[in-house]
Amino acid sequence: MGDVTLPRRLFLWCMALIYMAAFVSLYVQVPGLYGNDGLLPARWQLRYTGKPLLDQLLSSPTLLWLGPQLGLDTQTAMELLCLTGAALSLAATLVEALRDGLVFFCLWALYLSMYQVGQVFLYFQWDNLLLESGFLCILVAPLTLFRGPRAVREHDRVTFWLIRWLLFRLMFASGVVKLTSRCPTWWGLTALTYHYETQCIPTPLAWFAHQLPVWWQKLSVVGAFVIEIPVPLLFFSPVRRLRLSAFYLQVLLQVLIILSGNYNFFNLLTLTLCLSLLDDRHVNFWLRKADKSADENSGSGPLAWLSYLLELVVWALMIFGTIICFDLQVNSAKNGISSRTAFTYHQFNQFLKTVTIPCIWIGVLSLTWEMVTSMFRCACVSGFLQRLWGMVQWSVFAAAAVSMFAISLVPFSYVEYDSHARLWPGVRQAHGLVDRYQLVNSYGLFRRMTGVGGRPEVVIEGSNDGDTWTEIEFMYKPGNVSAPPPVVTPHQPRLDWQMWFAALGPQTQSPWFTSLMYRLLQGKKDVIELIQTDVSKYPFHQEPPAYLRAHRYRYWFTEPKADGSYPERWWRRVYDELFYPRVHLGNAFLDGMLSQFGLKDKSAPRRVSNTTVAQAVRWLRSRVRGVPAHTLIWTLIACSATFCLLQGLRSKNKPPEQTGVTRKMAEKVSDHSGGVAEDLSDPPEEKHKQEEEEEEEEDERNTEEEEGGKEEEAVSENDEDGEEEEMKKDEILDESF
């Protein structure tokens, strides 16, 4: 694989942007979710027992333990952590020097602190994925404290390889669990006929995707299986074009998911991980920049023809295997392609047993190759001290990469029990020691397709007299059948997501729902803002309801009319059952549920912090109150992108600074132009004498410098070539970032 300087810098910029979106999204929801009057107050998770601070950090690694020492209550401390993370990540998107390993360590520690007290509202796979990829950023990012932000380190390819391994684990496991779950919709290839309308928060395009013919939906499931199971193996291919093909297939899948569903920053983060499949040469192709290495590597030699042949064989096998495994046939009667699963669960389980351990060995060989090539690059550095320092860095980061790879084998092997049992016990013990820090995690989205009999949806109703009931409409989740699906990416409305999970079972499986009913009866504004950012749209904003209840409905997308026109409503629904009985403040059932789930706060009300920091946090909260979170996030993203674009245009139009190479070239040009001017002005006789004198002086100079100058010339030529390459990379990245 070629140099990865440009993809690495692009990856770090995207990670800073995703961190910013995650922190801002969480900051907006902190008071309603974790505040003193929120659904699950975070202070309940922090029991101050008088232990030393170090012991508390080891038992629960969160910076919120420092809150009392700063004079802050838990809610204010959480808001401060989110604001700090948002400001730090925003600064990292704008200033390249801040995309530093130390800065990414701070961002990871801040998000981990929130995760430790986040409870059910932060236990999503994309939160785990952000923590794992965020920790890898600490290894990938440069240390600008010792070297510049654009310094190229010989071990960069080793640490950047860990991102590719994480992407492989994510995609491979996501494909495998769909089949190991024995979900009939995945095995019957009909999952997408339900997915678009049953996902948590669909987009308007999901309605149109749902109307596609069944044969196309089934073929799309086949395509998803191919992209998620066999294609990730190409991430480690020695043939560059196979890796690029795998990159574009992953991008295609993620873009289609983004267009049809609101999955917050998850798919954007996956796209960012895909950058690990690129190299400088391909990024230069995007930027329309000439690349000398491309001209040198391109050719029609035996090696090039061998790579072409290998590509044909790989794609032929993949297409042939897809046709056989899914029995693809042209159906002329339906003007489509018929498909079905042509293998059994037992056969697929045998396939997993066969490939899981070889996948691990493929990872071992790929990492070993990157380590060996990086070691040779370190050994080729000129200068003893520089070579020694490079080898020390290589040793440290190679050991870190091997350690991260080893402990990641534990969650990766969860996909196959026998392979997991064959792991070395020491690896499992090491994984257990760092498990609380979320360094590595297991993944597998959409294991089973829900809502096959209709999308279950909980609708809360309120009343002041017990006779007239008014539905409480949420801002994002389906409720009003005439309201179009929203577009909220990359924001995640965490209450709306949990409402989707709550509808899948009885209310006893979602203890927080009782807390929601209790807070709405109390009229807590922070919780109301989770439902409607504009409180005036909440039907009981003037006076809390006296009674509340909840029903479960079944929702389906509407269908186009017979004449092909679009219907007036997006949804249709049918009543299912009572989800939560009628309750009011002081109701025995409500008090019993609060006591059963430990949701009654018996402690005395906390005194509001009045420190300068707390007042500043509350002032900023008053400034953003009422602004929809997705609007706030996209405003920050647009401002960041605009600033980086203007910065790139400014650096492009700015005349380049004269380095040693450009200065020498300028001197040569000036000497040449001066000689031409003298030639035009001197008479022929004087000119002839002057030429003879100059030739004699030049011969004497050449003989003196011939013996001692050869080594210096060779070194200077190498330095000039290195400086020219560094200048080109800097100019390219100035324009792109």
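The following is a short conversation about the structure above.

Colleague: What should I know about the model before we begin?
Modeller: It is a predicted model, in which local features need pLDDT of at least 70 and side-chain atom pairs count only at pLDDT 80 or more, while totals for chains, interfaces and linings use all residues. Residues are numbered from 1 along each chain as its sequence is written, and side-chain values use heavy atoms, with hydrogens and water left out.

Colleague: How many helices and strands does the chain have?
Modeller: The chain has 28 helices and 6 strands, taken as DSSP runs (helices H or I, at least four residues; strands E, at least two) and numbered from the N terminus.

Colleague: And what share of the chain is buried?
Modeller: Of its 737 residues, 48% count as buried, where buried means under 20% relative accessible area, exposed over 50%, and partly exposed in between (1.4 Å probe, protein chains only).

Colleague: Turning to cysteines, how many disulfides are there?
Modeller: The count is 0 disulfides, a disulfide being a pair of cysteine sulfur atoms within 2.5 Å.

Colleague: Is Cys82 buried or exposed?
Modeller: Cys82 is buried, at 1% relative accessibility. Cys359 is buried too, with a relative accessible area of 4%.

Colleague: Where does Leu256 lie?
Modeller: Leu256 lies in helix H11 and is partly exposed, with a relative accessible area of 48%.

Colleague: How do contacts spread along the sequence?
Modeller: Among contacts (heavy atoms within 4.5 Å) between residues at least 6 apart in sequence, 77% join residues at least 24 apart.
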